[in-house]
Amino acid sequence: MWDLIIDIASWVLIIGGAGFTLIGTFGLLRFGDFWSRMHAVSVCESGGAFLLLAGMALQAGFVLVTLKLVVIGVFLFITGPSATHAIANAALVRGSPDLKNAVDKKIVNKKTANKKDKPA
Amino acid sequence: MSTLYMNIVLFAMMIATAIAIVRMNKLFAVVMLSGVFSLLAAMLFIVLDAVDVAFTEAAVGAGISTVLMLGTIALIRDNENKTVRAGILPLIVVGITGLGMVYGTLDLPAFGAADAPAQMYLKPDYMARTVSEIDIPNVVTAILASYRGYDTMGEVVVVFTAGIAVLLLLSALQQRPAPATTPIKKPATQANWQNHLILRVVTKMLVGLIILYAFYVQFHGDFSPGGGFQAGIIIAVAFILYGLVFGQNAVYQTLSPWVVHKILALGVLIYIGTGLATMALGGAFLDYGVFAPHHPSHGQHWGILAVELGVGITVAGVMISIYYVFSARTGPLRDTDW
């Protein structure tokens with residue numbers, strides 16, 4: 001009985017994670033500008049990876065593999081958003097063609113003003 | 001059956017990636033796609049149960065070569081040259097060669113077949129002998145470091161030689177006067193730091209963990225996938241990450257180029273020195289059993305530990321020094337380069 005509950009929970013998590021990742025990929029392909037695409041991938045990948053790893057950890061039970069999955073999860077949770085930040089920051093500083101479409105004009109103006117101050 | 005589906009999906013994705021690489025004009029995208037290609041190849045190796053190879057492919061193909069390729073792109077333009085002529089003749093030649101290769105595969109054993117000649121020649125012998133002679137769970141490490149110790153020594157020497165060659169080529173280029181576009185080398189100012197504060201914090205958190213993981217891969221290679229080659233790459237990645245985020249001067253203070261150049265040779269010396277030590281103790285070259293005469297499998301453990309260490313040190317040294325010469329050529333990144 002207990003095994004069945006664990007099994008169902010883990011499959012719900014795994015299918016949910018796969019769904020999140022799939023939605024993120026659709027977002028990457030379908031959204032209009034760079035920033036929305038970035039947003040879709042970043043959020044869905046982090047959430048999807050967490051759900052997938054949790055599902056796999058439930059499948060594995062209390063063994064060394066579970067600890068490794070937890071470590072992988074922590075690693076992805078730190079590196080994923082940092083990578084997104086690095087890409088978005090690079091696009092912002094370099095002046096992506098989508099800048100004029102960005103919602104938060106204030107940040108963009110501040111950043112571009114900063115860039116003008118500094119001699120390159 | 002599920003293996004078949006996974007193979008089909010992975011091969012389809014690999015072919016799609018290869019076609020995209022051919023059609024792409026932006027070199028940056030090509031580099032990223034070749035990283036994807038390596039990652040797909042690594043997954044294919046996992047499906048084939050070749051976990052050690054998959055690990056190497058992921059670390060070398062998808063990881064460090066992508067970084068080094070990006071380093072190369074930083075030195076050159078990031079657009080492909082326009083093809084001057086696209087005749088029908090090259091297409092015919094390529095088509096005929098391709099058909100010939102496909103015809104050749106008809107005689108090969110089936111994909112992943114367990115009774116292929118490559119699997120039947122020495123492998124059953126090694127598999128049977130590892131348990132009694134070397135007594136470690138990871139047969140790949142036993143074969144790599146002990147049974148085929150000469151081959152691995154050759155590989156390390158090749159890596160060492162290639163590293164030296166790259167260093168010679170790039171440092172010879174450095175003698176030329178720098179072009180006007182080369183950014184002026186200046187230490188990052190406080191204002192410049194603020195924009196990648198997040199990256200700096202994350203890097204500080206990760207570098208230690210990455211090196212710790214590299215040591216795990218290095219010294220746990222007898223029991224789980226991994227070994228000197230992978231560990232060397234991972235250590236190099238830690239230093240490259242540090243150098244990318246904190247700048248050249250910071251990473252030089254941590255590990256000066258002088259030390260890296262000595263480390264480069266140290267690994268090969270450890271490997272060959274292990275062989276000479278076995279000879280001095282009265283055995284054959286790289287016959288580790290003599291390290292513990294009453295318990296040859298313990299001697300094997302010592303020998304494998306030593307040569308894997310040599311492999312790891314040389315690989316790490318080569319990768320770090322190649323990164324150093326690349327970064328010395330491009331100069332530190334300015335804030336506007338991000």
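A nonpolar core, as used in these legends, is a set of buried Ala, Val, Leu, Ile, Met, Phe, Trp, Tyr and Cys residues joined through side-chain atoms within 4.5 Å. Buried means under 20% relative accessible area, exposed means over 50%, and partly exposed lies in between (1.4 Å probe, protein chains only). The model is predicted, and local features need pLDDT of at least 70, side-chain atom pairs count only at pLDDT 80 or more, and totals for chains, interfaces and linings use all residues. Residues are numbered from 1 along each chain as its sequence is written, chains are lettered from A and ligands numbered from 1 in the order in which they are written, and side-chain values use heavy atoms, with hydrogens and water left out.

**View 1. Chain B in overview.** Let us start with the whole chain: chain B has 14 helices and 0 strands. Helices (H or I, at least four residues) and strands (E, at least two) are DSSP runs, numbered from the N terminus. Of the 338 residues in chain B, 37% count as buried. Among contacts in chain B with a separation of 6 or more, 70% are between residues 24 or more positions apart; contact here means heavy atoms within 4.5 Å. The accessible surface of the chain comes to about 19,400 Å², and carbon and sulfur atoms hold 72% of that area. Accessible areas come from the Shrake-Rupley method with a 1.4 Å probe, and for residues only the protein chains shown count as cover.

**View 2. The largest nonpolar core of chain B.** This core has 52 residues, and those with the most contacts inside it are B:I64, B:Y271, B:M319, B:I320 and B:Y324. Two or more residues each come from α3 (51-75), α7 (139-147), α8 (149-173), α10 (197-219), α11 (228-246), α13 (257-280) and α14 (296-330) of chain B. Helix α14(B) gives the largest share, with 13 residues. Have a look at B:I320: leaving aside residues up to four places away in sequence, B:I320 touches B:A236, B:F239, B:L255 and B:V260. Another core, of 6 residues, lies apart from the largest one and has B:L10, B:M14, B:L40 and B:A41 among its members.

**View 3. Surroundings of B:T314.** This threonine is found in helix α14 of chain B. B:T314 counts as buried because its relative accessibility is 0%. Not counting residues up to four places away in sequence, its contacts are B:V156, B:V159, B:F160, B:L264, B:G267 and B:V268.

**View 4. A nonpolar patch on the surface.** Here B:I88, B:L89, B:L91, B:I92, B:V93 and B:I96 together offer about 630 Å² of accessible area. Patches are made of residues with over 30% relative accessible area and no salt bridge, with like charges joined within 9 Å and nonpolar side chains (Val, Leu, Ile, Met, Phe, Trp, Tyr) within 5 Å. One patch member, B:I88, has its place in helix α4 (residues 88-105) of chain B. B:I88 has a relative accessible area of 61%, so this isoleucine is exposed.

**View 5. A salt-bridge network in helix α6.** The structure holds 3 salt bridges over all chains, each a side-chain nitrogen of Lys or Arg within 4 Å of a carboxyl oxygen of Asp or Glu. B:D125, B:R129 and B:E133 are linked in a network of these bridges. Between B:D125 and B:R129, the closest N and O atoms are 2.9 Å apart. These two residues are separated by about one helical turn, because they are 4 residues apart in helix α6 (residues 123-133) of chain B. On the B:E133 side, the closest N and O atoms to B:R129 are 3.2 Å apart. B:E133 and B:R129 also lie 4 residues apart in helix α6, about one turn of the helix. The network members are partly exposed: B:D125 at 33% relative accessibility, B:R129 at 30% and B:E133 at 34%.

**View 6. The salt bridge between B:R148 and B:D151.** The side chains of B:R148 and B:D151 meet at 3.0 Å, N to O. B:R148 is partly exposed, with a relative accessible area of 33%, and B:D151 is partly exposed at 39%.

**View 7. Aromatic pairs.** Over all chains, the structure holds 9 aromatic pairs. The ring centres of A:F34 and A:W35 are 5.1 Å apart and their planes stand at 85°, so this pair is edge-to-face. Rings of Phe, Tyr and Trp (its six-membered ring) pair if their centres lie within 6.5 Å; planes under 30 degrees apart count as stacked, over 60 as edge-to-face and the rest as tilted. A:F34 is partly exposed, with a relative accessible area of 24%. In chain B, ring pairs link B:Y252, B:Y323 and B:Y324 into a cluster.
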